[in-house]
Amino acid sequence: MIKIKTIINTSVMLVCFLFVFCVQANVQVHMRVLDMHGYELEQVQVGKPFTVEIAVQGVENNVADPTIKGARSFDMHRTSYQMSTMNNRSTVKYLYATQSDKQGVYSLGPAVVQNGNKVVESNILKIKVGHQEIPQKKSESKSNDTMFLKFSVDNEQVVAGQRLEGTITFYTSMPDVSITSVTDPAIDGFVRLDKAKPRQGVEHINGKQYSYAQWRWKFFPKEPGRLTIPSCYVDVAYRAEDDYFSAFASFFQARQKRERIFSDALTINVKALPEYSGIVDAVGQFKNFTATVNQAVAREGDGIVVSLSIDGDSDIDNLNLELQNLPNVFKSYSSKQHVEKGNKRDQLTRKTFEFIVQGMEAGEWELPEQKFTYYDVYDEQYKTLTTSPLILKILSQPSKKKYVPPSNDFSTKTAIDMDGDVGSVFALNTYGHWHEIPERKMPGWLFMVLFFAPLGIWFSGALRRTIVRYKKWRAPQAQWRSAFKIARKKLKLARKENNFSAIYRLFVELFTLRCSVKDCVISQEMTKKILTDGGLSEEQVCEWEEFFNTISAFVFYNTEGGQGQEGLFDQADKWIKVLEDIL
Amino acid sequence: MNRIMFFICSICMASLCSARDFEETFLQANRYYQNKEYQKALDLYDSIDRKGVATWHNMGNCAFKLNRHLDALTCWKRARKTATAKEQQELDRNIETAYEVLGKEVDNISFWLFFRRLLDRCSLFFLQLLFLSFWFILFGVLWFFKRYKRVFLATLIPINILCGLTLIAKYRLQKYPVALVKKTSASLFAGPDQNYHVISKVKLADEFSITERCGSWCKVRGSSLSGWILADTLVEI
């Protein structure tokens, strides 16, 4: 019974004590350093974020945010706020993502919380910032070998201005891990080279197969000294392993875990450039420094484009060049700049600087050689590249007015000029015939025909007239010569037609032609005289008279030719022969 | 018959396609020229068969941009042969610039040059028609206007002679190809061999008419010179 009483009393006292303790308990603030997975750390790493947790216990009502002393030594920002309440007393947890970029031991705290009228202070933390992250209890450290992020650079010993290429590789041995975002290292000047798509592959590490995604970064450290490149992180999402209702959950896309994976920070040593008396244009590796002009000849005041181009592996985007030692007769202006990135990884990038140069005085001028001095990071010495000098010929402006195409539609099609100067010397001909148009010409033979046609017509007319005249002139002689031939033909015809009257006419015609007299002059007396003069005897003359009278009778007395008179044709033939001899 | 028609149609289609290809080449070359890729443009222009005025003109521009001034001059002169008056005006300006760059003085006021330019602007067809017109008028007058024949003849005969001479000059210009000296310095010999006496020295871009050929030698005639020169020192226009 006593025992029972003792137990009851003890229990009542314990309950009362607990009640009093709970009611009367003070607000307490505690601060501790955790890694990003929630395990306490003994030492944090330079550049790698860690979590500072501030737990405020025993809060009755709302409590104001804590104020942390010494927070300026770190890069801190609140990431979450958790609150749990039991017996009307709350415990509030504030989590701060913190990062330090310098090595050393820093004091953080106390965190001061205002709870009603009371001010409550937390413990003070001594945070060691070193090269490595050291967990407080090694057994507690979570070696997350299923997913990790590796950050490396190609060279940890560089000179100021040298290109540095960093690689961030996310490894995972889990299936179905998706990367939701990747964050650039929080330092100025980093340029992600493969922004669109990271390189992906499979790699074996310590006998375990990992899938990886890799991003590359480019950076040009400007100042010498030890440079810490802070860690970067990727946000990943994957399916929770303890999901027993996966089929159901996946339907609603529930139970998907999200995690932020941080890489280690990197510290590199940036050396200063060796001393150099001249101007150093760049640091890196360069070749092919050339100077070209778009035209070596121009008129006074016309713009010539001088291009300086260089191939290099350097901070080429921020590289700038000017034309050096330009003669006073030239005016120059900076124009465009082009960067042509090499297609292959080891191919150098080409940058071209364009300058507009105007020659103000006619003559032949030399654009002197251009020099480019750089620090060669491979040979570790200064080098100078030099271009060849350029000869520019400046012509005086012509006094005559320049040809300007007329302002009709021709001009709209015309001159697409290279240098934007419509109607200038080198306007492109876009309106003419690109193919050969055979020259129109009259065939030689046609030309000659047309040339000789009027001559021919004129000549033929003249010839015709001459022939007519000649014929007129030559007709009597011809008739005289052919009189007997004609007489025989007519006689033959008359004999055939038995036409006695034709005999008279043929003899009259014969006398007319041979004696060159008109036919009306011919009479019997006259013929008698001609025959006598021709040396015929009287008998023959009488015979002629008889014959002539006979044939005349057929004409003048219309005597009909009868039987036995066919001999007249023979006589006529005989007399033709006789006359042929004497006429 | 059908086969023949098919064959003829095929030839026509092939030639049309070929022409279209060359036009595309010309336009592509223009684009290269506008993008200041002169060598590419020049190569494309050069690949065109039976080049026209615009092609030669643009080839000249490309060559000039590439500092090949003699080539530019040659192309422009080739373009000038069949150019219209407007095109000739532009080409003349380019040619003048090319001569200036090559260090040659161009005589702008000589009668011969004026006459040459006038002849270049008149086509042979036009001159033939002009001459024939006056020729027919002359004979027409001889036949139909006998009363005023003397007056007409006094006018028409000199006109006919002038037209005839112009036509002959045009024929001669076409008959004898023009060539430019493409070497900085060359010699003009009295005969077609280097053993002959040197008549004179000729310079880059000097212009001559080729009147005769003998093996690798050409007989040339310039404004005041005549002689023999090696063919490979000349570039024909």
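**Exercise 1.** Find how many salt bridges link chain B and chain A in this predicted model, and which residues form them.

*Solution.* Apply the criterion: a side-chain nitrogen of Lys or Arg within 4 Å of a carboxyl oxygen of Asp or Glu. The count between the two chains is one. The partners are R299(A) and E100(B), with their closest N and O atoms 3.8 Å apart. Next, list the elements of chain B that give two or more residues to the side touching chain A (helices are DSSP runs of H or I, at least four residues, numbered from the N terminus): α1 (2-34), α2 (38-46), α3 (53-65), α4 (69-81), α5 (85-101), α7 (124-144) and α8 (149-175).

Conventions: residues are numbered from 1 along each chain as its sequence is written, and chains are lettered from A in the order in which they are written. Local features need pLDDT of at least 70 and side-chain atom pairs count only at 80 or more, while totals for chains, interfaces and linings use all residues; side-chain values use heavy atoms, without hydrogens and water.

**Exercise 2.** Determine the extent of the interface between chain B and chain A.

*Solution.* Count contacts (heavy atoms within 4.5 Å): 51 residues of chain B meet 43 residues of chain A. Then take the buried area (accessible area, 1.4 Å probe, lost on putting the two parts together, summed over both): about 4400 Å², 61% of it on carbon and sulfur atoms. K65(B), E90(B) and R93(B) supply 14% of the area that chain B buries against chain A, more than any other three residues.

**Exercise 3.** State the confidence in chain A.

*Solution.* Use pLDDT, the predictor's confidence in each residue, from 0 to 100. Its mean for chain A is 78, and 85% of the residues reach 70 or more. Over residues 400-423 of chain A pLDDT stays under 50; the model has 44 contacts beyond four places in sequence for this stretch.
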